[in-house]
Amino acid sequence: MNALLTTLGSKLTERWLNQLILPGALFLGAAAAGAVLGHAHGHDLDRLRAGMDALARRPAAGRPGTAALLVAVALLLSSAATLAAQFLGAAIERFWLREAADPVSRALVRRRRARWRRAEDERVEGIRDVRLPDAEIERRYRVRDRIAPVEPTRPTWCGDRMQAAAERLDAAYGLDLAALWPRLWLVLPEPAQRQLEASRAAFTAAGRLAAWAVGYAVLAVWWWPAAAVAVATGLVARSRGREAVDALAGLIEAAADVHGRDLARLIGLDEAPGPLRQETGERMSQLFRKGD
């Protein structure tokens, strides 16, 4: 039992350090460096070293009580910064998946839809042109899908990717994904649930990384090197967010493909061998919506 408690304690401590303390401590360190250097001495390491030495030479710095207080304050501020990034990351996730409910978002949808239609027209023309090699047709597919996998209805690629999953399941099986998903989750085997949870966690991590990019962008107001960190972090967050949403949407579609018939049988809609039938999917959606 003692060994088990020790192992669990070490894992919790490691997780606490990696997820809560270290990201915040890194940001606080950058903020402290920015406060010392400012724009005028943005990358002057000698000035930063001299500032740290001057702080260490202060009489209070050598007292154990002061050192302990400084460590406690640093841990508290690091945790607070990380928690703030988590809250902001959750808001960024919702922003990435938002609907076109405001004028700016609707304008983005119109712009993306025009680009998508041009790319789709070029793709269709390429298919009809027998002289074009397969590699060129494949390239046109990728160009279109970089805009959106289906005709855009959301202001962001991530939103359209999730919308594409819902539209494909509706077209193939007559399934309402919003009504189906909570019930389908209950019949999924544990390995499938773990894969979905891992993809969802990756999307959450991407949103949190984007939140840190916002933090470093704010820091760049008084320390310009933080702008480079903000841009690099934002680009990585955008790429990881797209990858995570693409994987998550694909897994959701696969879960319905593979286990949709299991759910139909469990609720008393007997299924003949083969894929889930359209009429069965429509009946399931009707039942799950409960008249809504």
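Trp 181 counts as partly exposed, with a relative accessibility of 22%. Trp 185 falls in that class as well, at 25% relative accessibility. The model described here is predicted. Four aromatic pairs are present in the structure, and the surface carries a patch of negative charge as well as a nonpolar patch.

**Aromatic pairs**

- Among the four aromatic pairs is that of Phe 27 and Trp 212, whose ring centres lie 5.7 Å apart.
- The planes of these two rings meet at 45 degrees, so the pair of Phe 27 and Trp 212 is classed as tilted; planes under 30 degrees apart would count as stacked, and those over 60 as edge-to-face.
- This pair connects distant parts of the chain, since Phe 27 belongs to helix H1 (residues 2–37) and Trp 212 to helix H8, with their positions 185 residues apart.
- Both Phe 27 and Trp 212 are buried.
- Trp 181 and Trp 185 also form a tilted pair, because their ring planes stand at 50 degrees, with the centres 6.1 Å apart.
- Trp 181 and Trp 185 both lie in helix H7 (residues 177–187), and because they are four residues apart, about one helical turn separates them.
- Phe 27, Trp 212 and Tyr 216 are joined into a cluster by ring pairs.

**The negative patch**

- Which residues gather in a patch of negative charge on the surface? They are Glu 167, Asp 170, Glu 279 and Glu 282.
- Helix H6 (157–173) and helix H10 (278–289) are the elements that each supply two or more residues to this negative patch.
- Asp 170 has its place in helix H6.
- Asp 170 is partly exposed, because its relative accessibility of 43% falls between the limits of 20% for buried and 50% for exposed residues.

**The nonpolar patch**

- Leu 88, Val 214, Val 218, Val 221 and Trp 222 make up a nonpolar patch of about 440 Å² on the surface.
- One of these residues, Val 214, is located in helix H8, which spans residues 190–219.
- Val 214 has a relative accessibility of 39% and therefore counts as partly exposed.
- Helix H8 thus holds Val 214, a member of the nonpolar patch, and also Trp 212, which is buried.

Conventions. Residues numbered from 1 in each chain as written. Predicted model: local features only at pLDDT ≥ 70, side-chain atom pairs only at ≥ 80, totals over all residues. Heavy atoms only, no water. Patch = residues over 30% accessible without salt bridge, like charges linked within 9 Å, V, L, I, M, F, W, Y side chains within 5 Å. Areas by Shrake-Rupley, 256 points an atom, 1.4 Å probe, with all protein chains shown as cover. Salt bridge = Lys/Arg side-chain N within 4 Å of Asp/Glu carboxyl O. Lys, Arg positive; Asp, Glu negative; His and termini not counted. Charge placed at Lys NZ, Arg CZ, Asp CG, Glu CD. Buried < 20%, exposed > 50% of the residue type's maximum accessible area, 1.4 Å probe, protein only. Phe/Tyr/Trp six-rings, centres within 6.5 Å; stacked < 30°, edge-to-face > 60°.
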